[in-house]
Amino acid sequence: MQIDYIIQKSRRRSISLQITDDKKVIIKAPVGTPDSMAIAFIKEKKDWIIKQISKVEDQTNLAKEMGLLSTDDIKALKKKAKVLIPQRVQYYASLSGITYNKIAIRLQKSRWGSCSREGNLNFNCLLVLMPLEILDSVVVHELCHRKYMNHSKAFYDEVLKIFPDYKRCDKWLKQNGGIYFKRIEEEE
């Protein structure tokens with residue numbers, strides 16, 4: 001199998017790989033890394049790369065089967081999300097005693113949620129297409145960032161205290177989330 005790749009060098013400490021939607025391999029390497037070392041890294045990770053490319057293909061096919069989302073579909077999702085997500089945030093905030101500031105609903109192409117230092121919570125409108133427990137796991141994750149602005153053990157302990165099924169839901173999101181991103185129609 002021919003593997004197309006791009007080497008990107010930046011101020012970082014280690015080499016990593018990323019597979020794009022068009023099945024290209026991006027090697028991210030520290031400045032000064034010889035290209036030969038990056039290419040050797042690709043060869044070493046060839047089985048993983050082939051598996052990930054296959055996963056991208058499978059997700060793309062599943063997204064097409066589920067149906068691409070038009071601009072009107074996205075508007076309807078945002079409208080639904082602006083009702084449902086604040087309800088879920090309020091429920092878990094009152095359950096846990098965690099406060100927050102504003103809630104924003106957006107269509108994001110690579111994130112499910114985020115939390116700012118000011119306590120603003122952002123959520124992806126695509127979450128309303130998923131089982132409610134998955135949406136809830138993202139809500140709890142972002143709320144817990146109000147206590148811990150990191151992904152430390154203490155952070156995850158807090159998440160699990162509020163939402164004991166978090167690990168299963170997070171695994172589901174990692175396995176299936178890419179399908180939902182691929183349902184977004186690309187604008188010409």
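Let me start with a hairpin: strands E2 (residues 16-19) and E3 (residues 25-30) pair in the antiparallel sense over 4 bridges. Strands here are DSSP runs of at least two residues, helices are H or I runs of at least four, and both are numbered from the N terminus. Two strands count as paired if DSSP finds at least two bridges between them. This is a predicted model, in which local features need pLDDT of at least 70 and side-chain atom pairs count only at pLDDT 80 or more, while totals for chains, interfaces and linings use all residues. Residues are numbered from 1 along each chain as its sequence is written, and side-chain values use heavy atoms, with hydrogens and water left out.

Back to the hairpin. There are 5 residues between E2 and E3, and Lys 23 in the turn has a positive phi of about 65°. Leu 17 stands opposite Ile 27 in E3. Which residues of E2 point to the buried face? Leu 17 and Ile 19 do, while Ser 16 and Gln 18 point to the other face and are not buried. Buried means under 20% relative accessible area, exposed over 50%, and partly exposed in between, with a 1.4 Å probe and protein chains only.

Now the sheet. It is open, has 3 strands in the order E1-E3-E2, and its pairing is mixed. Strand E1 (5-10) and E2 each have a single partner strand, so one side of each is left without a neighbour in the sheet. E1 pairs with E3 in the parallel sense over 6 bridges, and Gln 8 stands opposite Lys 28 in E3. Helix H1 (residues 35-44) packs on the sheet and touches E1, E2 and E3. Contact means heavy atoms within 4.5 Å.

Next, helix H6, residues 166-182. Its 17 residues should span 24 Å at 1.5 Å a residue, and the end C-alpha atoms are 24 Å apart, which agrees. The expected span is 1.5 Å times one less than the number of residues. The buried residues of H6, among them Cys 169, Leu 173 and Phe 181, pack against helix H2 (46-66), strand E6 (121-124), helix H4 (132-144) and helix H5 (153-162).

Last, Asn 124, which is found in strand E6. Is Asn 124 buried or exposed? Asn 124 is buried, with a relative accessible area of 0%. Leaving aside neighbours within four places in sequence, Asn 124 is in contact with residues including Ile 85, Trp 112 and Phe 181. A polar atom of the Asn 124 side chain lies 2.9 Å from the backbone nitrogen of Leu 126.

Key. Axes are lines fitted to C-alpha atoms, for helices over the stretch in contact, and angles run from 0 to 180 degrees between N-to-C directions. A polar contact is a pair of N or O atoms within 3.5 Å; within protein, one must be able to donate a hydrogen and the other to accept it, and residues adjacent in sequence count only if both atoms are side-chain atoms.
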